[in-house]
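Reader: I am new to this structure and would like a close look at a single part of it. Please take the part around the metal site and describe how the chain is arranged there.

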Amino acid sequence: MSHDIRKLLDIQDKNIIFEENCVHFEKHKGQTCKFVQADLTYDPSHCPKCGKKKEDVFIYKNGKQTSRITIPMIGTHPTYLRLKKQRFMCKGCGSSFTAKAPMVKAHCFIAYTSKAQVLIKAAEAQSITNISKDCRVSHATVQRVINEEAKRYKTYFQSLPKHLSFDEFKYVKGKMAFEYINAETGAILDILEGRDRRTITNHFITHYSLAARKRVETITIDMNAGYVSLIKELFPKAKIIIDRFHLVQLINRSMNKARVKIMNQFHTSNGEDLKKYRRLKAY
Ligand SMILES: [Zn+2]
């Protein structure tokens with residue numbers, strides 16, 4: 001029984017025991033959810049507080065602590081593991097401690113399997129909203145899981161490329177992120193959660209030396225971005241290039257405005273003027 005449910009839930013921890021009738025439905029956050037009840041207990045080899053071995057000190061069972069752990073959905077309902085963890089008391093130092101479950105990080109209530117699910121979906125470039133819906137965890141949790149994982153892979157290059165490009169994009173409702181890119185290769189070097197002056201300044205000052213920043217020769221920015229003064233401070237040698245794409249867009253727009261203005265001047269009853277008007281309009 002326990003073995004089968006563990007297999008079903010991808011739980012390897014043999015100290016987690018499932019009893020008969022351990023699955024039931026319950027309302028949680030206004031939704032019908034599936035709760036799977038289990039017990040976690042084992043013989044602790046030592047006291048984690050004082051370090052004394054069980055042979056040398058009396059460790060006894062002392063109540064239980066229940067936690068609700070989010071696990072991947074089984075079937076059509078959000079699924080939780082209600083884990084009753086054994087509490088222990090150490091006679092040696094008088095402190096109590098709780099049985100540890102390898103399936104969750106300490107002080108965390110989301111199973112590694114659920115986190116893995118979030119990461120798999122993130123790797124498929126799904127939106128945070130979708131992942132949150134599919135994995136039944138909050139937006140904040142999805143973001144945190146992704147950030148935690150990203151941190152493990154984050155390597156800071158001591159040096160910066162000669163040519164950088166700054167960009168910004170919307171990542172959740174109303175929030176803009178900042179990214180900087182190697183302008184020659186197009187590689188994203190890092191993404192910051194904010195694009196305000198303080199976030200950007202702190203980031204570059206803490207991650208790159210002034211010498212490294214001085215080697216940056218050009219920084220390409222969007223026409224409207226207010227990065228000019230910030231760049232002058234952080235990258236004293238860098239020339240600012242206004243993004244060609246944005247510039248072309250701007251020129252086009254003002255050309256069009258001028259054309260319409262002239263065109264409207266010819267919009268009179270005069271036959272010759274009307275001919276010019278039509279020609280400008282067709283342009
Ligand atoms: Zn102890």
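Author:
**The strands around the zinc site**

S4 and S5 pair in the antiparallel sense over twelve bridges; two strands count as paired if DSSP finds at least two bridges between them. Strands here are DSSP runs (E, at least two residues), numbered from the N terminus, and helices are runs of H or I of at least four residues. This is a predicted model, in which local features need pLDDT of at least 70 and side-chain atom pairs count only at pLDDT 80 or more, while totals for chains, interfaces and linings use all residues. Residues are numbered from 1 along each chain as its sequence is written, and side-chain values use heavy atoms, with hydrogens and water left out.

Where S4 meets S5, Ile-74 stands opposite His-77. The hairpin of these two strands has two residues between them, and Gly-75 takes a positive phi near 80° there.

S5 also pairs with S3: seven bridges join the two strands, which run parallel. One of the facing pairs is Lys-34 with its bridge partner Thr-79 in S5. Strands of a sheet pair through backbone hydrogen bonds, either parallel or antiparallel.

S3 has further partners. Strand S2 (residues 23-28) pairs with S3 in the antiparallel sense over six bridges, and Val-23 has Val-36 in S3 as its bridge partner. In the hairpin of S2 and S3, again with two residues between the strands, Lys-29 takes a positive phi near 50°. Strand S1 (residues 16-17) is joined to S3 by two bridges, also antiparallel; here Ile-17 is matched with Asp-39 in S3. Seven of the ten residues of S3 are buried, so this strand is largely enclosed by the rest of the structure. Buried means under 20% relative accessible area, exposed over 50%, and partly exposed in between, with a 1.4 Å probe and protein chains only.

Now the metal. The zinc ion is coordinated by the SG atoms of Cys-47, Cys-50, Cys-90 and Cys-93, at 2.3 to 2.4 Å. Donors are N, O and S atoms within 2.8 Å of the metal (3.2 Å for Na, K and Ca), and sites may look incomplete because water is not among the atoms. The four donor atoms subtend angles of 102 to 116° around the zinc ion, which makes the arrangement tetrahedral; four donors count as tetrahedral if all angles lie between 85 and 135 degrees. Along the sequence, the donor residues are spaced C-x2-C-x39-C-x2-C. Distant parts of the chain are linked by the pair of Cys-47, in the loop between strand S3 (31-40) and strand S4 (59-74), and Cys-90, in strand S5 (residues 77-90), 43 residues apart. Cys-47 counts as buried because its relative accessibility is 0%, and Cys-90 counts as buried because its value is 1%.

The UniProt record, an unreviewed entry, places the feature "domain: Transposase IS204/IS1001/IS1096/IS1165 zinc-finger" at residues 44-93. UniProt positions are given in the numbering used here, feature names are shortened, and annotations may be inferred rather than shown by experiment. The span of residues 44-93 is 0% helix and 60% strand, and its end C-alpha atoms lie 15 Å apart.

For orientation, the domain assignment of the protein chain gives domain 1 as 2-109, followed by domain 2 (119-153), domain 3 (163-242) and domain 4 (246-282). These bounds come from an automatic or database domain assignment.

Terms used. Tetrahedral: all angles 85-135°; square planar, octahedral: opposite > 155°, others 65-115°.
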